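Let's walk through this one together, from the confidence scores down to the way the pieces pack.

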Amino acid sequence: MSDRFDIIVVGGGPSGARAALAASAQGLNVALIDEQSAIGGQVWRAKNASILSAPKTHETRAGDALRRDVLASDITHIEGARVWQIETGWTLHVLRKDVSSELTCKSLVLATGAREYVQPVPGWTTSGVLGLAGATALFKQSLTPPGKRTIVSGTGPLVFFVASEIRRLGGEVAAVVTPNSRRDWMRALPSMLGRPALLMRGAIWVADLMLAGVPIYWQRVVTDVSGDDQVRGVSIAKLDQNWARTSEDIMLAADSLCLGNGLIPNIEAAHMLGVPIRHDHALGGWIPETTEDGGTSIDRLYLCGDGTGIRGAEAAAHQGTLTGLCAAADLGHGTVNLQKQAKAKWLKSARFGMTMTALSIPRVGQAQLTTPETIVCRCENVTRATIEAELNAGAQSSNAIKSGSRAGMGPCGGKFCATAIAQLIAQQSGAPVANIPPATPRPPLRPVPLSIAAGSFDYDALPIPKPAPL
Amino acid sequence: MIRLVPNHALKIVRSAPVVFTFDGQSVEGHAGENLAGALLRAGRLHLRNAPANGGPRGAFCCMGLCQECTVRIDGQVVEACRTEVTQGLAVERAG
């Protein structure tokens, strides 16, 4: 199958969907490809088919509005589809229901969103430990709390949102543990005052936890997870300003743990296509180089949303509109006025989003939470000690660590260990993490069955070279 | 006790229960829900064994990236977080 679209947008979160809507409204033939069965991305993820009815939340309403708009548009929504390879010019290899097909377009917009960073600590691989953002994905689609009694640990506003959602879904929060101090939040307050509705939501989450008597451990961190095949409890310790441990551990009992250290942009697809990347802590780490309206150094390739830097859902939506309009304008459709409006809204909402991102910027002490015995690469079961042995043997880059120790080579494609590995290299070499780029991304972008990656061929069709003359 | 965040657990209406198996044991879920969620609610967290040390692993990222929740269905390795529960589904621990 080969369909030629004017524009294909990859990623159906707020940014990708708004980009597709903006371009479609200019009369272009637009396809929106997304892994999930419904539009919304991670942040506005739809409930699965088992939920017949449930009380609506802020996220449900925002997601429903986006889903309605896409449904009412002329966009071709290709749902439940995974883009596993992209060829410049643009041909996308898309896996859907165990069948791979090729889609082509004139211009490509990548809105690949974000994933989360979790600083590896001993026991973080135990069943019952969920990522903090991962937990929100579970809540949004299944309305299921992570366990009966959960410890919620992490940075920024997400830790309070997750704790609040657990209570809303009938679970018990044993404790909230956050590396941020009250002072970190006081510093963020001035930028939050411009967004009173969001500030109010956050205040309700915290006040509710306090009324319920849930202990909030500020400026503390989970240092160890105990339990064999299931979480039994965690150890927590106090941190200094640089997030280095200062006190002895205390133990807390729980049957589940949500753990996270902020979001990081999904840059693999853009990086693989040759978009230069740079490091910016204020935007969540490595980001692709783009212009403000989403253009890149590669002709007819555009990027938008959290995949270009963590600025939050609202900013991502406005940035998507802006990028969709620009991609349409480059194909000869559209007006400058709409772009100006979208850019102004984007820049305003981005300021708030970046204030929240700042609460998760890694600090020097946190790397020490990953002890020598801690598994860093979950897929290949590689510990910090093994990675350090590789460094001592002369490895100096993420690529060298990958080929030497297999860390980052497993089925997740290094998505959950790349940041920690770069941290270890930085520490050993004394160089800043900005000098340690992630390993070269390789296709497939998503796991794909070998039979599909190999494609179909006929032995008789293989060219057989003539025998060499004797 | 005053709650600023209401408990919505009793206001959630789920589809009819279905029964599937995990390593031969019956587990109850709801038609159309994702397998990772159903297994988690049933207290079945250990979904696969890690390479090298065989350590127990379960759902982690819940968004189809980390590959920790992979299980075996009809001989194929699939992500539990991206698989729908159906009546009679036979799920096995992977790895």
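A quick word on pLDDT before anything else: it is the predictor's confidence in each residue, from 0 to 100. For chain B the mean pLDDT is 94, with 100% of the residues at 70 or more. The complex as a whole gets an ipTM of 0.96 and a pTM of 0.94 from the predictor. This is a predicted model, so local features need pLDDT of at least 70 and side-chain atom pairs count only at pLDDT 80 or more, while totals for chains, interfaces and linings use all residues. Residues are numbered from 1 along each chain as its sequence is written, and chains are lettered from A and ligands numbered from 1 in the order in which they are written.

Let's start where the chains meet. Counting two residues as in contact if their C-beta atoms, placed from the backbone, lie within 7 Å, 42 residues of chain B touch 46 residues of chain A. Helices (H or I, at least four residues) and strands (E, at least two) are DSSP runs, numbered from the N terminus. On chain B's side, strand E1 (13-14), helix H1 (35-41) and strand E5 (56-57) each supply at least two residues, and the largest share, 3 residues, comes from H1(B).

There is strand pairing across the chains too, where pairing takes at least two DSSP bridges between the strands. Strand E3 (residues 51-53) of chain A and E1(B) pair in the antiparallel sense over 2 bridges, and A:Ile51 stands opposite B:Arg14.

Now for the sheet inside chain A. Its 5 strands run in the order E9-E16-E10-E11-E12, forming an open sheet with parallel pairing. Strand E9 (129-131) and strand E12 (216-218) are at the edges with a single partner strand each, so one side of each has no neighbour in the sheet. From one strand to the next, the twist averages 15°, with axes being lines fitted to C-alpha atoms (for helices over the stretch in contact) and angles running from 0 to 180 degrees between N-to-C directions. E9(A) pairs with strand E16 (residues 256-260) of chain A over 3 bridges, and there A:Gly131 faces A:Leu259.

Two helices of chain A pack on this sheet. Helix H3 (residues 132-142) touches E9, E10 and E16, and its direction makes about 90° with that of E9(A). Helix H4 (residues 158-168) touches E10, E11 and E16, making about 165° with the direction of E10(A).
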